[in-house]
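User: Hi! I have a model open and would like to talk through its fold with you, one question at a time. Could you take a look?

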Amino acid sequence: PVTVFANEKEACKKVAKRIATLILEKNDKMEKTILGLATGASPIGVYAELIRLHKEEGLSFKNVVTFNLDEYYPMNPLAEQSYVNFMKDHLFDHIDINFDNVHIPDGTLSKEEVQQFCVNYEKKITAYGGLDLQILGIGRTGHIGFNEPGSAPNSGTRLVTLDDLTKKDAAKDFGGKANVPLKAITMGVGTIFKAKEIILMAWGSKKAAIIKKAVEGEISGEVPATYLQLSENVEFVLDEDAASLLT
Ligand code: F6R
């Protein structure tokens with residue numbers, strides 16, 4: 001289903017509320033909450049609201065385990081552009097999560113080590129019983145995670161090559177497209193698909209064209225987000241501008 005909100009702020013509050021409810025329900029059952037998280041501009045408002053819920057309403061993340069979708073490769077976790085740094089800045093440093101429960105693909109591994117790391121990443125998610133909720137943004141290529149056009153529906157966590165448009169969109173963070181890493185480690189489409197619940201968020205008119213394709217277009221590896229049409233557990237959460245081209 002598609003849910004359209006008047007603006008990004010309202011939408012982010014709603015998504016944060018869903019996450020908070022899930023954490024409380026799981027706490028009641030003495031279970032951990034396994035969250036799949038995204039970086040980028042889209043989820044920032046959700047993380048801000050989760051921080052507010054922690055500070056003002058006592059929401060605890062002590063029983064939360066997180067798996068991030070992706071990380072650039074190669075990438076030093078201490079670098080400003082790393083997704084490790086992003087997550088600390090926008091969420092982890094401001095809540096009571098146990099850092100042992102945080103998982104982000106490791107951009108420091110050698111090429112030889114990456115494959116085993118990816119297999120282990122999948123195994124860890126499975127060992128926790130799978131992702132309860134996966135948060136997604138969408139790239140203008142139609143990527144989810146860094147599953148660029150051409151990704152297979154059953155793909156797992158792996159090393160991928162970034163699309164040219166993705167590097168262009170990341171250029172400002174790296175002081176030019178030439179400085180953007182060529183690759184990334186990303187959960188696969190198949191990894192994402194196994195989540196019990198998926199929320200894809202998009203804001204603003206620059207996402208309207210790709211949202212139209214993702215929601216209404218033919219299902220194809222050329223626009224990996226179209227695979228989400230095949231899942232019954234997906235919600236597209238949009239603001240009015242991102243939804244403006246939907247029929
Ligand atoms: C980030 C990720 C990407 C972004 C997408 C949209 O972890 O996996 O798929 O969600 O590139 O980025 P923003 O939100 O910056 O427009």
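User: Over how many bridges do β9 and β10 pair in the parallel sense?

Analyst: Happy to help, and do keep in mind that this is a predicted model. One place to see the pairing is Met 201, which stands opposite Val 237 in β10. Counting along both strands, β9 and β10 pair in the parallel sense, and the number of bridges is five.

User: In what order do the seven strands of the open sheet lie?

Analyst: Let's start from the edges, β1 (2–5) and β5 (102–103), each of which pairs on one side only. On the β1 side, the neighbour is β10, with four bridges in the parallel sense. Further in, strand β6 (residues 133–136) and strand β9 (residues 198–202) are parallel too, over three bridges. The pairing in this open sheet is parallel, and the order reads β1-β10-β9-β6-β2-β3-β5.

User: Which residue is the bridge partner of Thr 3 in β10?

Analyst: Thr 3 falls within the edge strand β1 (2–5), and β1 pairs with β10 in the parallel sense. The residue of β10 that bridges to Thr 3 is Val 237. Met 201 stands opposite that residue as well, so to speak from the β9 side, where the pairing with β10 is parallel. The bridge partner of Thr 3 is Val 237.

User: How many of the six residues of strand β10 are buried?

Analyst: Strand β10 covers residues 234–239 and is mostly covered. In the sheet order, β10 is listed between β1 and β9. Of its six residues, the number buried is five.

User: Which helix gives the most to the largest nonpolar core?

Analyst: The largest nonpolar core has 71 residues, and those with the most contacts inside it include Val 15 and Leu 136. In soluble globular proteins, nonpolar side chains tend to be buried together. Six residues of this core come from the top helical contributor, which spans residues 8–28: helix α1.

User: With which residues is Leu 136 in contact, leaving aside its neighbours within four places in sequence?

Analyst: Leu 136 is among the residues with the most contacts inside the largest nonpolar core. Strand β6 (residues 133–136) pairs with strand β9 (residues 198–202), and in β9 the bridge partner of Gln 134 is Ile 198. Once sequence neighbours within four places are set aside, the contacts of Leu 136 are Ala 38, Ile 144, Ile 198, Ile 199, Leu 200 and Met 201.

User: How do the residues of the shell around the ligand divide into nonpolar, polar and charged?

Analyst: The ligand is surrounded by 14 residues, and the closest are Gly 40, Ala 41, Ser 42, Gly 137 and Gly 139. Glycine is counted as polar in this scheme. The shell divides into six nonpolar, seven polar and one charged.

User: In which sense do strand β4 and strand β8 pair?

Analyst: Here Glu 71 stands opposite Ile 185 in β8. Strand β8 (residues 183–186) also has four bridges to strand β7 (residues 158–161), and these two run antiparallel. For strand β4 (residues 70–73) and strand β8, there are four bridges and the sense is antiparallel.

User: Why does Ala 184 count as buried?

Analyst: Ala 184 lies in strand β8, and its contacts beyond four places in sequence include Tyr 72, Phe 146 and Val 160. The cut-off for buried is 20 or more other C-beta atoms within 10 Å. Ala 184 counts as buried because its C-beta neighbours inside 10 Å number 28.

User: What is the omega of the cis peptide bond that joins Tyr 73 and Pro 74?

Analyst: Pro 74 lies in the loop between β4 and α3 (83–90). Its C-alpha atom is separated from that of Ala 184 by 7.3 Å, though the two are 110 residues apart along the chain. Most peptide bonds are trans. The bond joining Tyr 73 and Pro 74 is cis, with omega about -5°.

User: Is Met 30 buried or exposed?

Analyst: Met 30 sits in the loop between α1 and β2 (33–37). Its phi is positive, about 60°, although Met 30 is not a glycine. There are 7 other C-beta atoms within 10 Å, so Met 30 is exposed.

Notes
Residues are numbered from 1 along each chain as its sequence is written. This is a predicted model: local features need pLDDT of at least 70, side-chain atom pairs count only at pLDDT 80 or more; totals for chains, interfaces and linings use all residues. A residue is near a molecule or strand if its C-beta atom, placed from the backbone, lies within 6 Å of it. A nonpolar core is a set of buried Ala, Val, Leu, Ile, Met, Phe, Trp, Tyr and Cys residues joined through C-beta atoms within 7 Å. A residue is buried if 20 or more other C-beta atoms lie within 10 Å of its own, exposed if 12 or fewer, and partly exposed in between; C-beta atoms are placed from the backbone. Two residues are in contact if their C-beta atoms, placed from the backbone, lie within 7 Å. Two strands pair if DSSP finds at least two bridges between them.
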